[in-house]
Amino acid sequence: MTGFSTRAIHAGQEPDPRTGAVVPAIYQTSTYKQDGVGGLRDGYEYSRSANPTRTALEECIAELEGGAKGFAFASGLAAEDTIMRSLLSPGDHMIIPTDAYGGTYRLIDKIQKVWGIDHSLAKVSQADAIRGEIRPGVTKMIWIETPTNPLLGIADIEAIAAIAHEAGALLVVDNTFASAYLQQPLALGADIVLHSTTKYSGGHSDVVGGAVVVSKNVAVPEFADAATRIGFHQNSMGAVAGPMDSWLVLRGLKTLAVRMERHCDNAEKVVDYLRSRSDVTHIHYPGLDSHPGHDIAARQMRRFGGMVSFQLAGGEQHAVDVIGRTKIWTLGESLGGVESLIEHPGRMTHASVVGTELEVPADLIRLSVGIEDADDLIADLAQALDA
Ligand SMILES: *Cc1c(COP(=O)(O)O)cnc(C)c1O
């Protein structure tokens with residue numbers, strides 16, 4: 001199919017042949033009538049294995065990422081666990097970012113490690129640092145986020161794909177922060193892309209979900225059957241997206257492109273405002289020329305996204321006080337919804353990495369810039385900072 005929004009609105013979602021319904025039905029069913037033993041209609045047998053609403057989402061997200069096969073899960077972390085468990089074995093090694101979603105690090109450090117998957121940390125913005133952590137024949141997966149959460153670091157997907165493939169390892173990209181609209185990791189050489197669809201894909205803070213898309217050209221022969229393995233694991237382990245949740249994400253995807261344009265517009269205006277303030281000591285936003293990953297981001301992203309982090313003179317307590325004073329910016333975890341959110345990563349989303357190499361600055365404030373009127377967002381930040 002053609003452009004991004006055309007795919008977002010139509011892929012996997014033909015009008016219903018019986019009724020003409022334009023929107024895919026929520027097939028809230030666990031099982032399917034068989035026409036004689038084993039006589040399945042359209043392949044549907046039991047909704048852990050497959051459900052038509054989930055199929056629609058899986059086809060849509062695969063089209064949006066330009067991949068061979070999509071899978072929808074009950075959460076982003078269920079998607080991550082499925083990638084790791086279906087493709088890695090005890091004794092294998094993976095390289096993960098020093099700046100990553102805290103839950104990802106917890107999954108790898110507290111669950112996969114016990115199971116026998118070892119890991120090393122490397123700064124994703126330094127491709128050579130990643131190369132330096134490779135253990136020949138043992139490193140099977142390089143895992144990156146870009147932009148990273150919460151410091152908005154940028155990884156060069158194309159360069160890291162080359163490093164991974166030379167070593168016989170897969171490159172997995174967590175594309176949650178950028179969304180499929182702003183960045184297409186598979187086209188840049190990644191083998192697998194994943195999303196917490198809870199964030200921009202769903203986009204309305206009303207669903208928790210995850211998705212995985214496998215490339216049409218998995219570059220490591222040992223993992224040529226990656227999609228089959230992930231599908232087998234998805235059904236065997238069963239953390240699938242339910243019909244209602246699948247439908248909500250599908251609905252969100254239809255407006256992803258227009259929402260992302262507005263998220264980016266508003267983030268740029270908020271960044272301009274923050275730059276005007278002398279008490280803001282550091283702004284982490286890849287759209288800034290001064291950002292060390294700016295050129296790479298400009299090359300591999302359509303625009304620079306709706307996430308902004310910044311540091312404030314006055315230390316941790318001042319940052320916490322400012323966060324407590326906003327009225328339109330809702331104090332809360334998560335990101336990527338239409339409403340603007342503000343949070344303190346050190347005590348909230350990234351509390352699980354305190355005391356590790358992933359610990360974030362104590363005076364850091366993270367913004368998920370929503371799609372409200374930018375002037376209102378800026379006025380609210382101003383009153384919170386000036387109070
Ligand atoms: C939220 C998030 C996840 C985890 O997804 P859940 O849906 O909360 O399980 C993974 N990666 C990133 C970058 C996230 O922001």
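This is a short chat about reading sheets, cysteines and a cavity in a predicted model.

Biologist: Let's start with sheets. In what order do the strands of the seven-strand sheet come?

Modeller: Read across the sheet, not along the chain. Here the order is 1-7-6-5-4-2-3, the sheet is open, and the pairing is mixed. Going from one strand to the next, the twist averages 20°.

Biologist: Which strands stand at the edges of that sheet?

Modeller: Look for strands with a single partner. Strand 1 and strand 3 (118-122) fit that, so each has one side left without a neighbour in the sheet.

Biologist: And how do strand 2 and strand 3 run, parallel or antiparallel?

Modeller: Parallel, with five bridges joining strand 2 (residues 93-97) to strand 3. To see one bridge, find His 93 and look across to its partner in strand 3, Asp 118.

Biologist: What is the strand order in the sheet of five strands?

Modeller: That one goes 8-9-12-11-10, and it's also an open sheet with mixed pairing. Its edges are strand 8 (280-284) and strand 10 (330-331); each has a single partner strand, so one side of each lacks a neighbour in the sheet.

Biologist: Strand 9 sits between strands 8 and 12 in that order. How many bridges does strand 9 make with strand 12?

Modeller: Five, and the two strands, residues 307-312 and residues 364-368, pair in the antiparallel sense. You can follow the pairing residue by residue: Ser 309 is opposite Arg 366 in strand 12, while Gln 311 is opposite Leu 364. Towards strand 8 there are four bridges, and that pair is antiparallel too. One of the matches there is Val 280 with Leu 312 of strand 9.

Biologist: Is strand 9 buried or exposed?

Modeller: Here you check residue by residue, with buried meaning under 20% relative accessible area. In strand 9, six of the six residues are buried, so the rest of the structure largely encloses this strand. Now look at which way the residues point: Met 307, Ser 309 and Gln 311 go one way, Val 308, Phe 310 and Leu 312 go the other, and all are buried.

Biologist: On to cysteines. How many disulfides does the structure hold?

Modeller: Zero. The check is a distance: two cysteine sulfur atoms have to be within 2.5 Å.

Biologist: Why is Cys 60 without a bond to Cys 264?

Modeller: Cys 264 has the closest cysteine sulfur to that of Cys 60, but the gap is 19 Å, which is too far for a bond. Seen from the other end, Cys 264 has Cys 60 as its nearest cysteine, and Cys 264 is in no disulfide.

Biologist: Are those cysteines buried or exposed?

Modeller: Cys 60 is buried at 0% relative accessibility, and Cys 264 is buried with a relative accessible area of 0%.

Biologist: Last one: how many cavities of 30 Å³ or more are there?

Modeller: Just one cavity comes out of that count. The largest cavity has a volume of about 30 Å³.

Biologist: What lines the largest cavity?

Modeller: Pick out the residues around the space, then ask which elements they belong to. The lining includes Leu 57, Phe 73, Thr 197, Asp 245 and Val 249. Strand 1 (69-73) and helix 9 (243-254) each give at least two residues, and helix 9 has the largest share, with three. By type, the lining divides into seven nonpolar residues, four polar and one charged.

Definitions and conventions
Residues are numbered from 1 along each chain as its sequence is written. This is a predicted model: local features need pLDDT of at least 70, side-chain atom pairs count only at pLDDT 80 or more; totals for chains, interfaces and linings use all residues. Side-chain values use heavy atoms; hydrogens and water are left out. On a 1 Å grid over the protein atoms alone, a cavity is a set of points where a 1.4 Å probe fits but cannot get out, and a pocket is an open set with protein on both sides within 12 Å along at least five of seven lines; lining residues have an atom within 4 Å of a point. Grid points are joined across faces, edges and corners, and a volume is the space filled by probe spheres set on the points. Ala, Val, Leu, Ile, Met, Phe, Trp, Tyr, Cys and Pro count as nonpolar, Asp, Glu, Lys and Arg as charged, and the others, Gly among them, as polar. Buried means under 20% relative accessible area, exposed over 50%, partly exposed in between (1.4 Å probe, protein chains only). Two strands pair if DSSP finds at least two bridges between them. Axes are lines fitted to C-alpha atoms, for helices over the stretch in contact, and angles run from 0 to 180 degrees between N-to-C directions.
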